[in-house]
Amino acid sequence: MTVGRAPMEAGRFRDLAEAYGGDLSRWPEAERASAEAWLAGNPRDGAAVLEAARALDDLLGAWRTPEPAEALRNRVLIPAPAQVRHARRRAFVLTLGGGAGLAAACLAGILVAPVLLSTPTAGPAPLPSPRIEEAASSAASSQTDEVLAEVLADWEPPLADPEADVGA
Amino acid sequence: MLRPVTDALRLATFAGVARPASSARPDDPDADLVRRIGKGDVLAVRALTARKLPRLTALAARILGDPSEAEDVAQESLIRAWRQAPVWRFGEARFDTWLHRVAVNLCRDRLRRRRPGDAADLDALVDPGPAPDRGLEARDVGDRVAAAMATLPPRQREAVVLCHYQDLGNIEAAQVLGVSVEALESLLSRGRRALRAALSDLVP
């Protein structure tokens, strides 16, 4: 593909018109300057190509869709405040959940470290009650998991960068 | 099944990695509204609705060929936008591109669920009132275009709708469809060639 300011060829100019139509402002930004330069050097051929593409553009423009009804606007607007509030609360809980998980891990470390670091004596030292860490982590994770389930339900895959595919 | 925290963190990391710095687009015209919506500004909600609802309804109507389903898609897309606004990561993809991707995915879900033989009500898809500078003929042409668009393969139809009707640039349209810019261009060329053939008696 010809990109940037490299000279454009007639075939590429026709390909772009065929794909993007007869309005140069809709053409890929990276190729617009080259296309304009080609058009300036080939005004008759260029005009013919663009005119043919514009004829189809004009036809497509005849398909107009109705404006959204007021009832639809209300269906969108009415739940908005509650949805935003819920999302903010969810984001807060997520942050809090992450913090609680970290705190639980630290607490577990503090409780277990003396046992691990102590030298063995006559008998095995009693381990700290696992209930403390279990309670801390399960409370945090169950609450967090509920929120995460909602987050993941709404999750859209990240937008890939199509430019990364150029030349691939 | 509920996923553990680690899975979510892995997903978040993946999302960050999948958006390279080169795709950063700080010139998002919706950024201010999205920021205000995230803080609970009702006026911003109204403004974004006025800006996006007609676009999303038209997008879904042209992809699905069903005005009632198109309304549902537009509504669901904006509801997701309200949920997204407080946690939106500015400076990456444009909000409008993300919103289009949500709507296109919802349309695809609905198309997948359709049974063979479900026909679109093409009459309901065309604006009944002719614009002042157009005659009744415009509606007839609109009907023909709608019918021709309905015959295109779904991906070609999506490409034409995004680039011609929604005015998305090639990079944004390719992001919405999850394809390369070359693949988008191929879809557009094939789609427009098919439309030109279907409407050949109207094209000079």
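What percentage of the 168 residues of chain A count as buried? Select chain A of this predicted model and colour by accessibility: 32% of its 168 residues count as buried, where buried means under 20% relative accessible area, exposed over 50% and partly exposed in between, with a 1.4 Å probe and protein chains only. Residues are numbered from 1 along each chain as its sequence is written, and chains are lettered from A in the order in which they are written. Local features need pLDDT of at least 70, side-chain atom pairs count only at pLDDT 80 or more, totals for chains, interfaces and linings use all residues, and side-chain values use heavy atoms, with hydrogens and water left out.

Switch next to the cartoon view, in which chain A has 6 helices and 0 strands, taken as DSSP runs (H or I, at least four residues, for helices; E, at least two, for strands) numbered from the N terminus.

Now select residues 10-20 and 29-41 of chain A, which are helices α1 and α2, whose axes come within 10 Å and cross at roughly 120°; these axes are lines fitted to C-alpha atoms over the stretch in contact, and the angle, on a scale from 0 to 180 degrees, lies between N-to-C directions. Show side chains to find the contact (heavy atoms within 4.5 Å), to which α1(A) brings A:Ala10, A:Arg12, A:Phe13 and A:Leu16, while α2(A) brings A:Glu31, A:Ala35, A:Trp38 and A:Leu39.

Finally, move to B:Asp167, in the loop between α8 (154-165) and α9 (170-177) of chain B. B:Asp167 is not a glycine, yet has a positive phi of about 60°, and at 52% relative accessibility this residue counts as exposed.
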